[in-house]
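This briefing is intended to be read beside the sequence and the coordinates. Please keep both in view while working through the points.

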Amino acid sequence: VGLNALVISIAAVIGPSLASAILAAATWPWLFAVNVPTGLGALAVGFFALPENPKSGGRLDAISTLLNIAAYGLIILGLDLLTRGGHIASGARGLGTAGIAAGMLAGWLLVHRSLPQAQPLIPIDLLRSRLFSLTIATSIASFTAQMLAFVALPFFFQTVMHRSQVQTGLLMTAWPLAVGVSAPIAGRLADRYPAGLLGGFGLALLGAGLWLLAALGPAASTTEILWRMAICGWGFGFFQAPNNRTLLSAAPKSRAGAAGGMLATARLTGQTAGAALAAMLFGLTLHGPEFSLWLGAAVAAGGCAVSLLRLTRQQLA
């Protein structure tokens, strides 16, 4: 799990630096165009290299799948519409509210359908486990804080600190680089220490780093920015590997696919919530970047508290 986080971090390190190089020589659409050959290459490698997994023999529940698509799709679309401004704001807010309401109804129907099922699409059976549900909640909080920061930081660096696009991309690199250093260490420590403790420590560091970034003034030096970004990355890496390991090991082998699906769902739920919250803050105040970082620090602190709840009496002794 630590190696998996390391690979993700290496890709995340390359991303901002490559984006800076592209923006220095071309326009922003090329940031999207470059992903076409990259994605096709990854598809080809995966087709030949990924192993064949044993089949469970079960069928996909089509009704649950459609309800799941409706729940997430309508809620995310509704949140997006609520954050829009300008001349379409009044109509967008009404549609956004209706979309969120419809998405919540679809989510309720999905949960209601899943309750009596032995292997439901939404793993209610796994969520009944206190350890599993707290781990999911911790993951959502961490990715919410991360995305609040990732949306806000480019604007923070460019509008508050008056850095160029290229400088902004290079400054962003410090975070995933620190994740790449800390994640394998945390993965090794996860074999000896409880994830609740390691995750709580990591999220406390993440919250402290975001708070320190938000407190920076326009005249902050590059060094002052980089070590704060490194604290954020180090903390996030310390959380990620032990938390993912716990999430996957808390489920029986027969439900490994469901646990892996919830791992991705928690990540995307947190990232979507963080992006939506940042957009709302940008629409409400001229100090959206700073407020997003403050809120990210608060969410990380909340995630730290939830992570520590996973510690048992034996682990505290």
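The overall fold is described below, followed by aromatic pairs and selected residues.

The structure is a predicted model. The protein chain contains 14 helices and 0 strands. With 317 residues, a compact globule would have a radius of gyration near 20 Å, and the 21 Å of the protein chain agrees with that expectation.

**Overall fold and surface**

- Read from the N terminus, the order of elements in the protein chain is α-α-α-α-α-α-α-α-α-α-α-α-α-α.
- The C-alpha trace of the protein chain extends over about 60 × 55 × 45 Å along its principal axes.
- Buried residues make up 39% of the 317 residues in the protein chain.
- When contacts in the protein chain between residues at least 6 apart in sequence are considered, 79% of them join residues at least 24 apart.
- The exposed area of the protein chain is about 16,900 Å², of which carbon and sulfur atoms supply 71%.
- The protein chain carries 17 positive and 7 negative charges, and the mean positions of the two sets lie 7 Å apart.

**Aromatic pairs**

- The count of aromatic pairs comes to 10.
- One of these is the pair of W28 and F32, which is edge-to-face, with 6.1 Å from centre to centre and 85 degrees between the planes.
- W28 is exposed, because its relative accessible area of 58% is over the 50% limit; F32 is likewise exposed, with a relative accessible area of 58%.
- The rings of F143 and F236 also form an edge-to-face pair, because their centres are 5.3 Å apart and their planes stand at 80 degrees, an angle over the 60 that this class requires.
- F143 belongs to helix α7 (residues 130–160) and F236 to helix α11 (residues 222–249), so this pair ties together parts that are 93 residues apart in sequence.
- F143 is buried, with a relative accessible area of 5%, and F236 is buried at 2% relative accessibility.
- F143 and F236 join F239 in one aromatic cluster.

**The loop between α7 and α8**

- H162 is located in the loop between α7 and α8.
- The phi of H162 is positive, near 60 degrees, in a residue other than glycine.
- Most residues other than glycine have a negative phi.
- H162 is exposed, because its relative accessible area of 61% is over 50%.
- S164 also has its place in the loop between α7 and α8.
- S164 is partly exposed, because its relative accessible area of 35% falls between the limits of 20% and 50%.
- The C-alpha atoms of S164 and A24 are 9.9 Å apart in space, while the two residues are 140 apart in sequence.

**T168 in helix α8**

- T168 is part of helix α8, which comprises residues 165–172.
- T168 is buried, because its relative accessible area of 5% is under 20%.
- Leaving aside residues up to four places away in sequence, T168 touches P154, F157, Q158 and R163.

Definitions and conventions. Residues numbered from 1 in each chain as written. Predicted model: local features only at pLDDT ≥ 70, side-chain atom pairs only at ≥ 80, totals over all residues. Heavy atoms only, no water. Helix = DSSP H or I, 4+ residues; strand = E, 2+ residues; numbered from the N terminus. Rg over C-alpha atoms; globule rule 2.2 N^0.38 Å. Buried < 20%, exposed > 50% of the residue type's maximum accessible area, 1.4 Å probe, protein only. Contact = heavy atoms within 4.5 Å. Areas by Shrake-Rupley, 256 points an atom, 1.4 Å probe, with all protein chains shown as cover. Lys, Arg positive; Asp, Glu negative; His and termini not counted. Charge placed at Lys NZ, Arg CZ, Asp CG, Glu CD. Phe/Tyr/Trp six-rings, centres within 6.5 Å; stacked < 30°, edge-to-face > 60°.
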